[in-house]
Amino acid sequence: MSHVHFRRLTDREIAAYVRSREPLDKAGAYGIQGEGGQFVDRIAGPLDNIIGLPVGCLATVLQRVIR
């Protein structure tokens, strides 16, 4: 499990971000690897849970299945 913590945003920052249209095609309305990443204050947990496939967890599950 991972948690993303955002800093406080100003109304101006929010309006500019919405105008950029980046949040319109993102789950959670932000991409940490895109413009939305500038708003992230800190991350607790593995980054790959946020960006894509949780590889560590997948490897553990596959090892159990293969045995």
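So, V55. Is this residue buried, partly exposed or exposed? V55 has 49% relative accessibility, and exposed would need over 50%, so V55 counts as partly exposed. Keep in mind that what we're looking at is a predicted model.

Where does V55 sit? You'll find V55 in helix α3, which covers residues 55-66. And V55 has company: together with L53, L58, L62 and I66, V55 makes a nonpolar patch on the surface, about 490 Å² in area.

Okay, let's zoom out to the chain. There are 3 helices and 2 strands. Starting at the N terminus, the order goes β-α-β-α-α. Now, is the chain a compact globule, or more spread out than that? The globule rule gives 11 Å for 67 residues, but the radius of gyration here is 16 Å, well over that, so the chain is more spread out than a compact globule. You can also look at the C-alpha trace: along its principal axes, the trace spans about 55 × 20 × 15 Å.

A few numbers on the surface. Of the 67 residues in the chain, 13% are buried. The chain exposes about 5,300 Å², and 57% of that comes from carbon and sulfur atoms. As for contacts, take the ones between residues at least 6 apart in sequence: 53% of those join residues at least 24 apart.

Now for my favourite bit, the aromatic rings. How many aromatic pairs does a search of the whole structure find? The search turns up 2. Take F6 and Y30: their ring centres are 5.0 Å apart and their planes are at 90°, so this pair is edge-to-face. The two residues come from distant parts of the chain, 24 residues apart: F6 belongs to strand β1 (residues 3-6), while Y30 is in the loop between α1 (11-19) and β2 (40-44). The partners also have their own exposure labels. F6 is partly exposed, at 40% relative accessible area, whereas Y30, at 18%, counts as buried.

Then there's Y17 with F39. This pair is edge-to-face too, with 5.2 Å from centre to centre and 85° between the planes. Here again distant parts of the chain get linked: Y17 is in helix α1 and F39 in the loop between α1 and β2, 22 residues apart. What about cover for these two? Y17 counts as buried at 9% relative accessibility, and F39 is buried as well, with a relative accessible area of 4%.

That's my tour, thanks for listening!

Methods: Residues are numbered from 1 along each chain as its sequence is written. This is a predicted model: local features need pLDDT of at least 70, side-chain atom pairs count only at pLDDT 80 or more; totals for chains, interfaces and linings use all residues. Side-chain values use heavy atoms; hydrogens and water are left out. Patches are made of residues with over 30% relative accessible area and no salt bridge: like charges are joined within 9 Å, nonpolar side chains (Val, Leu, Ile, Met, Phe, Trp, Tyr) within 5 Å. Accessible areas come from the Shrake-Rupley method with a 1.4 Å probe; for residues, only the protein chains shown count as cover. A salt bridge is a side-chain nitrogen of Lys or Arg within 4 Å of a carboxyl oxygen of Asp or Glu. Helices (H or I, at least four residues) and strands (E, at least two) are DSSP runs, numbered from the N terminus. Buried means under 20% relative accessible area, exposed over 50%, partly exposed in between (1.4 Å probe, protein chains only). The radius of gyration is taken over C-alpha atoms; the globule rule is 2.2 Å times the number of residues to the power 0.38. Contact means heavy atoms within 4.5 Å. Rings of Phe, Tyr and Trp (its six-membered ring) pair if their centres lie within 6.5 Å; planes under 30 degrees apart count as stacked, over 60 as edge-to-face and the rest as tilted.
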